[in-house]
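Hello,

Here is the structure I promised to pass on to you. Please open it alongside this email, and take your time looking around before reading further.

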Amino acid sequence: MSEPLQEPLRIIHLKASNFKKLKAVEVTPKSTVIRITGVNGSGKSSLLDALFAVFGGRAGVPSKPIRDGAEQATIQIDLGKYVVYRVFTKQAKQPPIIVRPKSGGAGGMPGKPIRSPQDLLDELMGDLAFDPLAFSRMSAKEQVEELKRVTKLGPVDELDRLNALDYDERTRIN
């Protein structure tokens with residue numbers, strides 16, 4: 001299984017070309033809050049629409065996604081652990097959203113595409129996910145080991161020892 005998601009996904013890098021009024025743009029945010037400013041017609045709305053076209057699914061696709069004079073429009077968003085792609089052509093104005101794990105591919109290329117929403121959930125959940133039915137069939141000792149693996153609490157024996165010390169101290173004080 002893959003590693004569990006350690007931190008929230010955020011945009012590390014965005015690249016778009018020939019999308020709406022954009023010829024080409026690259027954005028690498030330096031913080032979690034990004035100001036998008038510029039004069040009228042400079043592409044602010046097109047940049048936001050590029051985000052919506054990737055994350056908004058069918059509803060996010062504008063009626064004319066490809067810039068006048070271009071054959072296709074591309075959007076690529078690096079989310080840290082994943083890279084999300086969407087390529088619009090004149091033949092396919094509702095292309096699929098392609099999500100790839102950033103690592104795991106040959107020659108440093110991103111891993112194989114995630115083919116379904118369930119695949120993405122499995123990838124996001126990683127080791128946090130386990131089968132509750134299988135868990136219910138485990139012995140008490142196996143359940144403890146599984147909980148230690150999932151929660152990453154460390155040695156339960158040490159927690160038990162610390163709890164016993166706390167209990168003894170409370171008993172002594174009372």
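Below is what was found in it, going from the overall layout to the details.

**Overall layout**

Please keep in mind that this is a predicted model. The protein chain has 174 residues, and 25% of them are buried. Its secondary structure consists of five helices and five strands. If you walk along the chain from the N terminus, you will meet the elements in the order β-β-α-β-β-β-α-α-α-α. Looking at contacts between residues at least 6 apart in sequence, 44% of them join residues at least 24 apart. The accessible surface of the protein chain is about 12,100 Å², and carbon and sulfur atoms account for 57% of that area.

**The sheet and helix H1**

A good place to begin is the sheet. It is an open one of five strands, with antiparallel pairing and the order S2-S1-S3-S4-S5. Strand S2 (24-27) and S5 are at the edges with a single partner strand each, so one side of each has no neighbour in the sheet. From one strand to the next, the twist averages 10°.

To see one pairing up close, try S3 and S4: these run antiparallel and are joined by seven bridges. Gln76, for instance, has Tyr85 in S4 as its bridge partner.

Which strands does H1 lie across? The helix lies across strand S1 (13-17), S2, S3 and S4, and runs at about 80° to S3.

Helix H1 also holds Leu48, a residue that is partly exposed with a relative accessible area of 45%. Together with Ile34 and Ile36, Leu48 makes a nonpolar surface patch of about 240 Å².

**Salt bridges**

As a general point, side chains of opposite charge can pair when their charged atoms come close. Here the count comes to four salt bridges, and three pairs are described below.

- Glu71 and Lys90 form a salt bridge in which the closest N and O atoms are 4.0 Å apart. Glu71 sits in the loop between helix H1 (44-55) and strand S3 (72-78), while Lys90 sits in the loop between strand S4 (82-89) and strand S5 (98-101), so this pair ties together parts that are 19 residues apart in sequence. Glu71 is exposed, at 57% relative accessible area, whereas Lys90 is partly exposed at 46%.

- Lys64 and Asp68 form another salt bridge, with 2.1 Å between the closest N and O atoms. Lys64 counts as partly exposed, its relative accessibility being 45%, and Asp68 is exposed with a relative accessible area of 56%.

- Glu169 and Arg172 meet through their side chains in a salt bridge of 2.6 Å, N to O. Both belong to helix H5 (residues 156-173), where they are three residues apart, and therefore about one helical turn separates them. Is Arg172 buried or exposed? At 60% relative accessibility, Arg172 counts as exposed, while Glu169 is partly exposed at 35%.

**Where to look first**

If you have only a few minutes, I would start with the five-stranded open sheet, then look at H1 lying across S1, S2, S3 and S4. After that, the Glu71 and Lys90 pair is a nice stop, as it links two loops of the chain.

Enjoy exploring, and do write back with any questions.

Best wishes

Methods: Residues are numbered from 1 along each chain as its sequence is written. This is a predicted model: local features need pLDDT of at least 70, side-chain atom pairs count only at pLDDT 80 or more; totals for chains, interfaces and linings use all residues. Side-chain values use heavy atoms; hydrogens and water are left out. Helices (H or I, at least four residues) and strands (E, at least two) are DSSP runs, numbered from the N terminus. Buried means under 20% relative accessible area, exposed over 50%, partly exposed in between (1.4 Å probe, protein chains only). Contact means heavy atoms within 4.5 Å. Accessible areas come from the Shrake-Rupley method with a 1.4 Å probe; for residues, only the protein chains shown count as cover. Patches are made of residues with over 30% relative accessible area and no salt bridge: like charges are joined within 9 Å, nonpolar side chains (Val, Leu, Ile, Met, Phe, Trp, Tyr) within 5 Å. Two strands pair if DSSP finds at least two bridges between them. Axes are lines fitted to C-alpha atoms, for helices over the stretch in contact, and angles run from 0 to 180 degrees between N-to-C directions.
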